[in-house]
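This report examines selected features of one protein chain. The sequence and the structure are shown first.

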Amino acid sequence: MAAAVGGGAREVVILLDQSASMGYGDHWARAQEAARTIVRGLSADDRATLVLFAKNAEENMRATADRTRLEAAIGAAKVGSGATRYGPALKLADSILSRPRRSSGARRLLISDFQRSGWSGSEEVRFPEA
């Protein structure tokens, strides 16, 4: 459901899908736990931004090293009634990661049930070369 983060000081953007499909079964509980696991894995020098998304994306918690506030924001987030759209979330993450920063690495971590209908392919979002 989520990817792991590597070592060193980083700027991390956690993209948490809160679309209606995340309310099915234990998807939401598992997604929140995956986000908390990422937060708990941050080093003291890392900063994370929480982005909540469904049809649109919102920067819920701006870049912070405060793990307690990040976990509280994750806990307070709720599943909505909207459909999934990945493009706005990925574009917002790119925008956040392009801001001037002092970190040595940047990561965007997408937590979702990966509904196929959320990706049209025309979002003009590019993934970095591996």
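Which residues do ring pairs link into a cluster?

## Aromatic cluster

The cluster joined by ring pairs consists of F53, Y86 and F114. The model under discussion is predicted, and a search of the whole structure yields two aromatic pairs. One of them is formed by Y86 and F114, which are stacked, at 6.4 Å centre to centre and with 25° between the planes. This pair connects distant parts of the chain: Y86 belongs to helix 3 (residues 86-97), whereas F114 lies in the segment after strand 4, and the two are 28 residues apart.

The two partners are described by their accessibility as follows. Y86 counts as buried because its relative accessibility is 5%, under the 20% limit. F114 has a relative accessible area of 46% and is therefore partly exposed.

## Helix 1

Helix 1 comprises 14 residues (27-40); at 1.5 Å a residue it should span 20 Å, and its end C-alpha atoms are 20 Å apart, so the expectation and the model agree.

The buried residues of helix 1 are H27, W28, A31, Q32, A34, A35, R36, I38 and V39. Among the elements that cover these buried residues are strand 1 (10-17), helix 2 (67-76) and strand 4 (105-111).

## Segment after strand 4

S117 is located in the segment after strand 4. With a relative accessible area of 67%, S117 is exposed, because that value is over 50%. The C-alpha atoms of S117 and T84 are separated by 7.2 Å, while the two residues are 33 residues apart along the chain.

Terms used
Residues numbered from 1 in each chain as written. Predicted model: local features only at pLDDT ≥ 70, side-chain atom pairs only at ≥ 80, totals over all residues. Heavy atoms only, no water. Helix = DSSP H or I, 4+ residues; strand = E, 2+ residues; numbered from the N terminus. Expected span 1.5 Å × (residues − 1). Buried < 20%, exposed > 50% of the residue type's maximum accessible area, 1.4 Å probe, protein only. Contact = heavy atoms within 4.5 Å. Phe/Tyr/Trp six-rings, centres within 6.5 Å; stacked < 30°, edge-to-face > 60°.
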